[in-house]
Amino acid sequence: MEIRGGVELPALREDVELHTSDGLTLVGELALPLDRDPVATIVALHPLPTAGGFMDSHIIRKMAGRLPALAGLAVLRFNFRGVSSPRGISGGSFGEGLDERHDLAAAMDLVATRKLPRPWLLGWSFGTEVVLKYGLEHPIVGAILLSPPLHRATDAEIGAWAGSGKRLVAVIPELDDYLRPTEARQRFAVVPDIDLVVVDGGKHLWVGESQTRRVLTEVVQRLNPAALPLPTSWPMAPRG
């Protein structure tokens, strides 16, 4: 079977609920490798709810569908407050990137409760704003920013990552609708040790299998490089 599109590879998938400190219940899913302990954890924060972002936004759904099997990663994804998907509806209403601080904290509570290893935050578009503003409040290895618009995160919040001991990776599409490479280098100059990746021909929504594979490869390169190159068919051929 060729691995592409919405293919869902074998994994332990569990519907989960997250409980925020301000009294909301959020819906989500935890996907774990089927036959081994995870080597690292992705906590995925989805794009803008008011523009259709949710836990099934395609890159996040494909991470959950592929990376537990292909790279031994745990993937926790969930709907921010007020967001609905086939999984269900999270309580509350859109918090303009402020109240979502509590949503991230609830996700990290689950990571701690389940003792999930080496957590990384992964934000896409709006999700990157929540990561940049509040990610340093949590015990993470680092954060990966996909198509960061930098509309809500201030220069001070971005600069706080410099020397924090947390790795920061920004994956910038060459043809992004909001933040292109030249401006990204300027805005992220306050974090001299940032790992800034420019994807030639990339676009904000990462549509198409070639762009999907590039994003997943950049993620696995940071969390479990031994799993590269990512297979393109299933079952995987033996390595070595």
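Start by selecting Ala162, which you will find in the loop between α4 (155–159) and β9 (167–173). Keep in mind as you go that this is a predicted model. With a relative accessibility of 30%, Ala162 counts as partly exposed, because that class lies between the cut-offs of 20% for buried and 50% for exposed.

Now show the neighbours of Ala162. Leaving aside residues up to four places away in sequence, Ala162 touches Val190, Val191, Pro192 and Asp193. Which distance separates the C-alpha atoms of Ala162 and Asp193? Draw it in your viewer and you should get 6.9 Å, for two residues that are 31 apart along the chain.

**Zoom out: the whole chain**

Switch to a cartoon view of the chain. Colouring by secondary structure brings up six helices and ten strands. The radius of gyration is 17 Å, close to the 18 Å that the globule rule gives for 240 residues, so the chain is as compact as a globular protein of that length. If you like to draw a bounding box, the C-alpha atoms fill one of roughly 45 × 40 × 30 Å along the principal axes.

Next, colour by burial. Of the 240 residues in the chain, 54% are buried. Turn on the surface, too: its accessible area comes to about 10,000 Å², and carbon and sulfur atoms account for 52% of that. For the charges, select the 25 positive and 28 negative ones; the mean positions of these two sets are 5 Å apart.

A contact map is a good companion here. Taking contacts between residues at least 6 apart in sequence, 69% of them join residues at least 24 apart.

**Into the sheet: β3 and β4**

Select residues 40–45, which form strand β3. Six of the six residues in β3 are buried, so this strand is largely enclosed by the rest of the structure. Show the side chains and look along the strand: Ala40, Ile42 and Ala44 point one way, while Thr41, Val43 and Leu45 point the other way, and all of them are buried.

What does β3 pair with? Add residues 73–78, strand β4: five bridges join the two strands, which run parallel. Two pairs are worth labelling. Ala40 has Leu73 in β4 as its bridge partner, and Val43 stands opposite Leu76 in β4.

Stay with β4 for a moment. This strand is mostly covered, with six of its six residues buried. On one side sit Leu73, Val75 and Arg77, and on the other Ala74, Leu76 and Phe78; both faces are covered, and each of these residues is buried. Arg77 may catch your eye here, as one of the buried residues on its side of β4.

Now bring in residues 25–32, strand β2. This strand and β4 pair over four bridges, in the antiparallel sense. Return to Leu76 in β4 and you will see Leu30 standing opposite, while Val43 stands opposite Leu76 as well.

**Three serines in loops**

Follow the chain on from β3 to Ser57, in the loop between β3 and α1 (58–71). Is Ser57 buried or exposed? Ser57 is buried, with a relative accessible area of 9%. Show its contacts beyond four places in sequence and you will find Pro47, Gly52 and Trp124.

Then jump to Ser125, in the loop between β7 (119–124) and α3 (126–134). Check the backbone here: phi is positive, about 55°, although Ser125 is not a glycine. Ser125 counts as buried at 9% relative accessibility.

The next serine to select is Ser147, in the loop between β8 (142–146) and α4. Its phi is near 50°, again a positive value in a residue other than glycine. Ser147 is buried, with a relative accessible area of 1%.

**Last stop: two cis peptide bonds**

Finish in the segment after α6 (209–223), where Pro229 is placed. Select Leu228 together with Pro229: a cis peptide bond joins them, with omega at about -5°. Then move along to Pro235, also in the segment after α6. Here Trp234 and Pro235 are joined by a cis peptide bond, and omega is about 0°.

Definitions and conventions
Residues are numbered from 1 along each chain as its sequence is written. This is a predicted model: local features need pLDDT of at least 70, side-chain atom pairs count only at pLDDT 80 or more; totals for chains, interfaces and linings use all residues. Side-chain values use heavy atoms; hydrogens and water are left out. The radius of gyration is taken over C-alpha atoms; the globule rule is 2.2 Å times the number of residues to the power 0.38. Buried means under 20% relative accessible area, exposed over 50%, partly exposed in between (1.4 Å probe, protein chains only). Contact means heavy atoms within 4.5 Å. Accessible areas come from the Shrake-Rupley method with a 1.4 Å probe; for residues, only the protein chains shown count as cover. Lys and Arg count as positive and Asp and Glu as negative; His and the chain ends are not counted. The place of a charge is taken as NZ of Lys, CZ of Arg, CG of Asp or CD of Glu. Two strands pair if DSSP finds at least two bridges between them.
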